[in-house]
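Dear colleague,

Please find the structure we discussed below, handed over for your further work. My findings follow it.

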Amino acid sequence: DQLAGSMEGGGVVYRIAVKGDRGEVETAFGSAPFLASFMFAGENEGALLFDLRGQGKAEIGEEIFRLAVEKNFILRELHREVASLESVFASLTVGEV
């Protein structure tokens, strides 16, 4: 049940690459009601990388885009990543011996 729940409820993550002030981006997306989590993932070629996870099974790609436009951020990449079975298994078993 836990494995099925992880695949269904929390398997989809979006990676965005955005140009803008890190504090402003974190404030805007950190308070977005459609996100369950928002994490800084580094920098690449002058863009800030973030991983975003939606609430439940909601499709959040368009909402991410709208928020970026509303805040005048330059969105260089919006990529949907689906967790593999291996990554879900690893996340469920980390720390188990």
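I begin with G42, which, apart from residues up to four places away in sequence, is in contact with A47, L48 and L49. This glycine lies in strand β2, which spans residues 35-44. G42 counts as buried because its relative accessible area is 16%, and the limit for a buried residue is under 20%. Its C-alpha atom is 9.4 Å from that of A17, although the two residues are 25 apart along the chain. Please note that the model is predicted.

As to the overall arrangement, the protein chain contains four helices and four strands. Read from the N terminus, these elements follow the order α-β-α-β-β-α-β-α. The chain has 97 residues, of which 28% count as buried. Of the contacts between residues at least 6 apart in sequence, 67% join residues that are at least 24 apart. The exposed surface of the chain comes to about 6300 Å², with carbon and sulfur atoms supplying 51% of that area.

Which residues touch the most other members of the largest nonpolar core? They are F29 and I64, in a core of 17 residues. At least two residues of this core come from each of β1 (12-19), α2 (22-30), β3 and α3. Setting aside residues up to four places away in sequence, F29 touches I16, L35, F38, L52, I64, L67, A68 and F73.

Three of these partners of F29, namely I64, L67 and A68, recur in helix α3. The buried residues of this helix, which covers residues 61-70, are G61, I64, L67 and A68. They lie on the same side of α3, because the arc they cover around the axis is only 130°. The other side of α3 carries the exposed residues E62, R66 and E70. After the helix comes N72, which has a positive phi, near 60°.

Finally, I draw your attention to D51, located in strand β3 (residues 47-54). With which side chain does the side chain of D51 make a polar contact? The partner is R15, at 2.4 Å. Beyond its neighbours within four places in sequence, D51 is in contact with V13, Y14, R15, S37, F38, M39 and A41. One of these residues, F38, is also among those touched by F29.

With kind regards

How values were computed. Residues numbered from 1 in each chain as written. Predicted model: local features only at pLDDT ≥ 70, side-chain atom pairs only at ≥ 80, totals over all residues. Heavy atoms only, no water. Polar contact = N/O pair within 3.5 Å; in protein donor to acceptor, adjacent residues only side chain to side chain. Contact = heavy atoms within 4.5 Å. Buried < 20%, exposed > 50% of the residue type's maximum accessible area, 1.4 Å probe, protein only. Arc of directions from axis to C-beta. Core = buried A, V, L, I, M, F, W, Y, C linked by side-chain atoms within 4.5 Å. Areas by Shrake-Rupley, 256 points an atom, 1.4 Å probe, with all protein chains shown as cover.
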